[in-house]
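Reader: Please take one part of this model and go through it closely. I would like the surroundings described as well, with the cut-offs stated where terms are used.

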Amino acid sequence: MSIEVGNAAPEFTLMANSGETVQLSDFKGKKNVVLYFYPKDMTPGCTTEACDFRDQHENFSDLDTVILGVSPDPIEKHQKFVDKHGLPFLLLVDEDHKVAEAYGVWKLKKNFGKEYMGIERSTFIIGKDGQIAKEWRKVKVKEHVAEALQFIKDNM
């Protein structure tokens with residue numbers, strides 16, 4: 001299945017930092033979902049992005065939208081990240097990167113001459129109907145959360 005706007009979002013079941021199991025289908029017919037993939041807890045760009053989502057959480061919530069962050073970090077690291085920055089949304093554990101692969105965001109990356117596999121920072125807006133309404137790939141953190149919020153205000 002290809003990941004394209006208008007297609008059904010790939011279903012997943014992942015463990016959250018809270019210890020609960022989260023399925024994408026839990027939200028179908030009830031909430032829009034901002035599903036954002038980020039490389040690593042506690043790094044500068046990922047912290048900025050998470051805190052931007054935190055600061056706009058109430059505005060997303062007012063629009064019937066939940067925020068779910070996904071990275072390969074383990075549950076303990078997610079919980080430390082949540083506690084340190086007061087994140088009011090769930091972070092999902094994708095240690096085997098199966099969900100990142102399903103969404104096409106597990107990519108070959110290059111940093112300081114080294115090549116490795118990792119998450120390409122990406123965000124997907126999934127409507128209450130379970131369809132992908134919008135996608136951003138190779139996200140630049142600055143202004144991204146505001147752009148995602150505006151898209152939901154204008155289109156959902």
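Author: What follows starts from strand 4 and works outwards to its neighbours. The model is predicted, so local features need pLDDT of at least 70 and side-chain atom pairs count only at pLDDT 80 or more, while totals for chains, interfaces and linings use all residues. Residues are numbered from 1 along each chain as its sequence is written, and side-chain values use heavy atoms, with hydrogens and water left out.

Strand 4 covers residues 65-71; helices (H or I, at least four residues) and strands (E, at least two) are DSSP runs, numbered from the N terminus. Of its 7 residues, 7 are buried, where buried means under 20% relative accessible area, exposed over 50%, and partly exposed in between, with a 1.4 Å probe and protein chains only. In a regular strand the side chains alternate between the two faces of the sheet. In strand 4, Thr65, Ile67, Gly69 and Ser71 point one way, Val66, Leu68 and Val70 point the other way, and all are buried.

Strand 4 has a partner in strand 3 (residues 32-37), to which it is joined in the parallel sense by 6 bridges; two strands pair if DSSP finds at least two bridges between them. One of the bridge partners is known by residue: Val33 is matched with Val66 of strand 4. Strand 5 also runs parallel to strand 4, with 4 bridges between them. There, Gly69 has Leu91 of strand 5 as its bridge partner.

The connections involve helices. The chain passes from strand 4 through helix 2 to strand 5 in a right-handed β-α-β crossover. A crossover is right-handed if, with the strands pointing away from the viewer, the path from the first strand over the helix to the second runs clockwise. Strand 3, helix 1 and strand 4 likewise form a right-handed β-α-β unit.

Helix 2 spans residues 75-85, and its buried residues are His78, Phe81, Val82 and His85. Seen down the axis of helix 2, these buried residues fall within an arc of 95°, so they line one face of the helix; the arc is that of the directions from the helix axis to the C-beta atoms. Glu76, Lys80, Asp83 and Lys84 are exposed on the other side of helix 2. The buried residues of helix 2 pack against helix 1 (44-62), strand 4 and strand 5, contact meaning heavy atoms within 4.5 Å. After helix 2 comes Gly86, with a positive phi near 60°.

Helix 1 holds Cys46. The UniProt record, an unreviewed entry, places the feature "active site" at Cys46; UniProt positions are given in the numbering used here, feature names are shortened, and annotations may be inferred rather than shown by experiment. Cys46 is buried, with a relative accessible area of 2%. Leaving aside neighbours within four places in sequence, Cys46 is in contact with Tyr38, Pro39, Lys40, Phe81 and Arg121. Phe81 is one of the buried residues of helix 2.

The structure holds 0 disulfides, a disulfide being a pair of cysteine sulfur atoms within 2.5 Å. The cysteine sulfur closest to that of Cys46 is in Cys51, and because it is 11 Å away, it is too far for a bond. Cys51 is itself buried, at a relative accessible area of 13%.

Asn59 also lies in helix 1, and at 34% relative accessibility Asn59 is partly exposed. Between Asn59 and Lys153 there are 9.5 Å in space, C-alpha to C-alpha, although they are 94 residues apart in sequence.

Beyond strand 5 (90-93), the loop to helix 3 (98-102) contains His97. Most residues other than glycine have a negative phi, and most peptide bonds are trans. His97 has a positive phi of about 50° although it is not a glycine, and its relative accessible area of 21% makes it partly exposed.

A positive phi also appears at Phe112, near 50°. Phe112 sits in the loop between strand 6 (106-111) and strand 7 (114-119), and at 81% relative accessibility Phe112 is exposed. Strand 6 and strand 7 run antiparallel and are joined by 6 bridges, with Trp106 opposite Ile119 of strand 7. Their hairpin has 2 residues between the strands.
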